[in-house]
Each structure stands twice: as structure tokens, then as C-alpha cells.
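Thanks for coming, everyone. I'll walk through one model today, from the inside out. Let me put it on the screen.

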Amino acid sequence: MTAFKSGDPTTINRLYGRSSGHKLRQGQQELIDKLLPQISVPAEGEISSRILFGDDRPLHFEIGFGSGEHLAYRADLLPDHGFVGCEPFLNGVATALGHVRDGPLGNVRLHMNDALEVLRRVPDDSLLMLYLLHPDPWPKARHAKRRMVNDGPVDLFASKLKPGGELRIATDHPVYLDWTLMIMQRHTDQFDWLAEKPSDFLDPPSGWIETRYGAKSRREGRRPYYLRYRRR
């Protein structure tokens, strides 16, 4: 019966999984103590390009950026765009801060906690891109309500993306792939799937960088899938 309990990440309102791993090195701890406060998303109020960056630049949002390789790559590729990244894992945030420092990347803002809390504060119809790359698959049926791809979050994604904005989802887990396709099929009034042939979801999209997680996945024989959806 537990597999069919109602709820999803927008209603559960809690984070699962680790918040930290090995002890941070001194340099990483200094980044957390000094750089993170300078580029953190405000704790309250609206989250817009003008508030974060002082202008109306295109805004990107990444949920669960891991160690920040993709976020930093995209921010460096598009310096006139703004990037918001959310990640609850301390060690990942510390690594991402290193990318921001080394860039240097002045167009990145980070949040070390729940992405949905920040996303709710983004004005509707304001995001150009939203990334959900290799989210925790929660493969057990009773944990399906913890998956970020669920009806509640997808409705939220749709409300925050501009018409024509893009949602990118990557996964190497067959259960999560099937689940994502099923959930997104229920939202065809909000999203068009940008796939006409197999290569459209088997090959990475433009502006893609393979992260350490992606490289590990390939080494271990798992194929990544790349799903792109355009906000109608």
C-alpha cells in the first residue's frame, strides 16, 4: 500500500538523502564561509534576473547541480545570461564554488538547500531554461513520490518557464526514464517533446558538457538519455 500513497516533492516539503560527505578541505571551507554568502540567492522575496543581476538578462535554473560542472560550463558559455543553481549537498556546493571562483563567473547564484522553495519565488513565465540532470531515481515504487519528475513539480516547471522555454532532463536509469516519459505524457498541454528520431534523445544536446557523473555512468555501462521539452 505504501507505493500508492499520494504526494510528490511539492507536497512532501522535505529533502531526502545526504547533506554532506567527507570533511571539507580548508580551501573548500573558506569558499563556503566567504564566497557562498556573496553569491547566495536571497533568503526571501522574488527571484528575478533584475534582483539577482541588476538587469533583465535571460535566466537559467538548475535543480541539483551536483558538483557544478554543467552549471559552470553553461555560465561560461553564455556570460550575458544569468544562472541559478540549487544543491543541498555541501561537498557539491563547495566544488561548484571553486568553478565560480576560477571562472571567474559573475553570472551565477547558488542556493544550498531545497530547489523548489527558490523556484516558487521565481516570477511566472520568466525562465529561459530549466535543467534537471541525473536526479536521484528513487527506483523503489514506494519512493516514487520523491521523484522530482512528478505532476506537482512539472506543473511548477511549466508555470516558471517562458513560452518557448526549455526543460532539459537527463537520466541513465531505465526506471526513471520510463517514469519521466509517462509523467510528461500527461502534460502535453504544457510541453512539446523535442524528439523526432532516436538520436534526439540518445545524443546530448548542444551546449552539453559531460560531468564526472556522466563519465562514470558510461564507464559502468549505463547509457544516458537526454529529454528536451519546450514550454507551449
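Leaving aside its neighbours within four places in sequence, which residues is Leu167 in contact with? Here is the list: Leu130, Phe157, Leu161, Met184, Phe191, Leu227, Arg228 and Tyr229. Keep in mind that this is a predicted model.

Leu167 takes us straight to the largest nonpolar core, which has 36 residues. Leu167 is among the residues with the most contacts inside that core, along with Phe61, Leu119, Leu130, Phe157 and Phe191. Helix H8, residues 174–185, gives the largest share of this core, with 5 residues. Another core lies apart from it, with 25 residues. Among them are Ile39, Phe83, Met129 and Leu133. As background, nonpolar side chains in soluble globular proteins tend to be buried together.

Now the sheet. In what order do the strands run? The order is S3-S2-S1-S4-S5-S7-S6: 7 strands, an open sheet, mixed pairing. Strand S3 (108–111) and strand S6 (191–193) stand at the edges. Each has a single partner strand, so one side of each has no neighbour in the sheet. From one strand to the next, the twist averages 20°.

Let me go through some of the pairings. S1, residues 59–63, comes up here. It is mostly covered: 5 of its 5 residues are buried. On one side sit Leu59, Phe61 and Ile63, on the other His60 and Glu62, and both faces are covered. S1 runs parallel to strand S2 (residues 82–86), with 5 bridges joining them. Phe61, which we met in the core, has Val84 as its bridge partner in S2.

Next, strand S4 (residues 127–133) and strand S5 (residues 161–171). They pair in the parallel sense, over 6 bridges. Leu133 stands opposite Ala170 in S5. Helix H8 packs on the sheet, touching S4, S5, S6 and strand S7 (225–231). The direction of H8 makes about 15° with that of S7.

S7 itself is mostly covered, with 5 of its 7 residues buried. S5 and S7 run antiparallel, joined by 6 bridges. Glu166 has Arg230 in S7 as its bridge partner. S6 also pairs with S7 in the antiparallel sense, over 3 bridges. There, Asp192 stands opposite Arg230. Arg230 therefore turns up in both pairings: with Glu166 and with Asp192.

Back to H8 and one of its residues. Is Tyr176 buried or exposed? It is buried, at a relative accessible area of 0%. Tyr176 is found in H8. Leaving aside neighbours within four places in sequence, its contacts are Leu132, Pro135, Asp136, Pro137, Arg147, Met148, Val149 and Thr171. For scale, take Glu44, 132 residues apart from Tyr176 along the chain: their C-alpha atoms are separated by 33 Å.

On to the annotation. Where does UniProt place the feature "binding site"? The record, an unreviewed entry, puts it at Lys140 and Asp172. Lys140 is found in the loop between S4 and helix H7 (151–160). It is partly exposed, with a relative accessible area of 45%. Asp172 is found in the loop between S5 and H8. Asp172 is buried, with a relative accessible area of 7%.

What surrounds Asp172? Beyond its neighbours within four places in sequence, it is in contact with His134, Tyr213, Ser217, Arg222, Arg223 and Pro224. With Ser217 there is also a polar contact: the two side chains are joined at 2.6 Å.

One last stop, in helix H2 (residues 26–39). Gln28 is found there. It is buried, with a relative accessible area of 8%; the cut-off for buried is under 20%. The side chain of Gln28 reaches the backbone nitrogen of Arg25 at 3.1 Å. Leaving aside neighbours within four places in sequence, Gln28 is in contact with His22, Ala94 and Thr95.

To recap: an open sheet of 7 strands with mixed pairing, H8 packed on that sheet, and a largest nonpolar core of 36 residues. The UniProt "binding site" positions are Lys140 and Asp172, from an unreviewed entry. That's my tour.

How values were computed. Residues are numbered from 1 along each chain as its sequence is written. This is a predicted model: local features need pLDDT of at least 70, side-chain atom pairs count only at pLDDT 80 or more; totals for chains, interfaces and linings use all residues. Side-chain values use heavy atoms; hydrogens and water are left out. A nonpolar core is a set of buried Ala, Val, Leu, Ile, Met, Phe, Trp, Tyr and Cys residues joined through side-chain atoms within 4.5 Å. Buried means under 20% relative accessible area, exposed over 50%, partly exposed in between (1.4 Å probe, protein chains only). Helices (H or I, at least four residues) and strands (E, at least two) are DSSP runs, numbered from the N terminus. Contact means heavy atoms within 4.5 Å. Two strands pair if DSSP finds at least two bridges between them. Axes are lines fitted to C-alpha atoms, for helices over the stretch in contact, and angles run from 0 to 180 degrees between N-to-C directions. UniProt positions are given in the numbering used here, feature names are shortened, and annotations may be inferred rather than shown by experiment. A polar contact is a pair of N or O atoms within 3.5 Å; within protein, one must be able to donate a hydrogen and the other to accept it, and residues adjacent in sequence count only if both atoms are side-chain atoms.
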